[in-house]
Amino acid sequence: MTTPIRSLSDGETGAGSVNAVERRGDTIRRPTGTWTPAIHDLLRHLEALGFQGSPQVLGLEGKTEILSYLDGQVAMRPWPSILCQPEGLRSIAGLLKSYHGAVSSYVPPPNTSWRVSGLTWQPGQIIRHGDLGPWNMVWKDDRLVGFIDWDFAEPGTPLEELAQVAWLAIPL
């Protein structure tokens with residue numbers, strides 16, 4: 001079992017429950033998968049709209065993606081005190097609302113491959129983060145910087161996303 005990531009120093013490698021990542025300066029390097037083109041398309045859409053709560057796609061090196069580093073700490077146990085206060089939950093709800101506003105205009109290309117196979121976007125859906133627990137939220141001091149680890153992004157509804165966030169935030 002790996003120790004949960006809090007914040008990576010330059011050159012440090014860490015592992016979550018699915019991937020290992022490496023920080024190099026202001027970048028994060030992660031393994032790619034068949035879903036990577038879909039995630040990169042989504043992140044580029046968010047960047048074009050000025051949404052600052054997600055990493056930016058910087059490129060590929062072989063089977064490694066290069067993303068911008070979101071400066072801060074990932075929320076892991078023991079939970080940061082801000083998460084146990086109404087202000088923390090309001091911050092999560094605010095950034096989630098902002099994300100849903102930005103992603104509502106996104107239409108994935110036909111035949112997009114998601115990490116969970118067999119999913120197809122339909123009109124009226126959004127692409128939800130898919131794993132929006134505290135461990136994929138980056139905080140700097142008491143400010144929510146953004147959401148990371150978009151590998152499980154998938155078609156769904158805002159209500160499904162909200163329900164998952166509520167479920168994953170039960171300990172808070």
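These exercises work through the fold, cores, strands and one helix of a predicted model.

**Exercise 1. Fold overview**

Task: State how many helices and strands the protein has, and give their order.

Solution:
- Step 1. Count the elements. The protein holds 3 helices and 10 strands.
- Step 2. Read from the N terminus. The order is β-β-β-α-β-β-β-α-β-β-β-β-α.
- Step 3. Check burial. Of the 172 residues, 45% are buried.
- Step 4. Check contact range. Take the contacts with a separation of 6 or more; residues 24 or more positions apart account for 68% of them.
- Step 5. Turn to the surface. The protein exposes about 9,100 Å², and 55% of this comes from carbon and sulfur atoms.

**Exercise 2. The nonpolar cores**

Task: Find which residues of the largest nonpolar core touch the most other members, and which elements each supply at least two of its residues.

Solution:
- Step 1. Size the core. The largest nonpolar core has 31 residues.
- Step 2. Pick out its hubs. L42, L46, Y99, V103, I127, W139 and W150 touch the most other members.
- Step 3. Assign elements. At least two core residues each come from α1 (36-48), α2 (86-103), β7 (126-128), β8 (137-140) and β9 (143-147).
- Step 4. Rank the contributors. The largest share is that of α2, with 6 residues.
- Step 5. Take one hub, Y99. Beyond its neighbours within four places in sequence, Y99 contacts L42, L46, F51, I127, R128, H129, W150 and E161.
- Step 6. Look for another core. A second, separate core has 5 residues, among them V74, M76, V138 and V145.
- Step 7. Set this in context. In soluble globular proteins, nonpolar side chains tend to be buried together.

**Exercise 3. Strand β3 and its partners**

Task: Describe how strand β3 is covered and how it pairs with β2 and β5.

Solution:
- Step 1. Locate β3. The strand spans residues 27-31, and 4 of its 5 residues are buried.
- Step 2. Pair it with β2 (residues 20-24). The two run antiparallel and are joined by 3 bridges. R23 stands opposite I28 in β3.
- Step 3. Inspect the hairpin. There are 2 residues between β2 and β3, and G25 takes a positive phi near 60 degrees.
- Step 4. Pair it with β5 (residues 64-68). This pairing is also antiparallel, with 5 bridges. Here R30 stands opposite E65.

**Exercise 4. The two faces of α3**

Task: Decide how the buried residues of α3 are arranged around its axis, and what they pack against.

Solution:
- Step 1. List the buried residues. In α3 (residues 158-168) they are E161, V165 and L168.
- Step 2. Look down the axis. The buried residues fall within an arc of 70 degrees, so they line one face of α3.
- Step 3. Recall helix geometry. An α-helix has 3.6 residues a turn, so residues three or four places apart point the same way.
- Step 4. Find the packing partners. The buried residues of α3 pack against α2 and β7.
- Step 5. Check the face turned away from the buried side. That face carries L159 and W167, both exposed.

**Exercise 5. A loop residue**

Task: Classify L70 as buried or exposed, and list its contacts.

Solution:
- Step 1. Place L70. This residue sits in the loop between β5 and β6 (73-74).
- Step 2. Apply the cut-off. Buried means under 20% relative accessible area. L70 has 13%, so it is buried.
- Step 3. List contacts more than four places away in sequence. L70 touches S54, P55, V138, V145, G146, F147 and I148.
- Step 4. Compare sequence with space. L70 and Q52 are 18 residues apart in sequence, and their C-alpha atoms are 9.7 Å apart.

Methods
Residues are numbered from 1 along each chain as its sequence is written. This is a predicted model: local features need pLDDT of at least 70, side-chain atom pairs count only at pLDDT 80 or more; totals for chains, interfaces and linings use all residues. Side-chain values use heavy atoms; hydrogens and water are left out. A nonpolar core is a set of buried Ala, Val, Leu, Ile, Met, Phe, Trp, Tyr and Cys residues joined through side-chain atoms within 4.5 Å. Buried means under 20% relative accessible area, exposed over 50%, partly exposed in between (1.4 Å probe, protein chains only). Helices (H or I, at least four residues) and strands (E, at least two) are DSSP runs, numbered from the N terminus. Contact means heavy atoms within 4.5 Å. Two strands pair if DSSP finds at least two bridges between them. The arc is that of the directions from the helix axis to the C-beta atoms. Accessible areas come from the Shrake-Rupley method with a 1.4 Å probe; for residues, only the protein chains shown count as cover.
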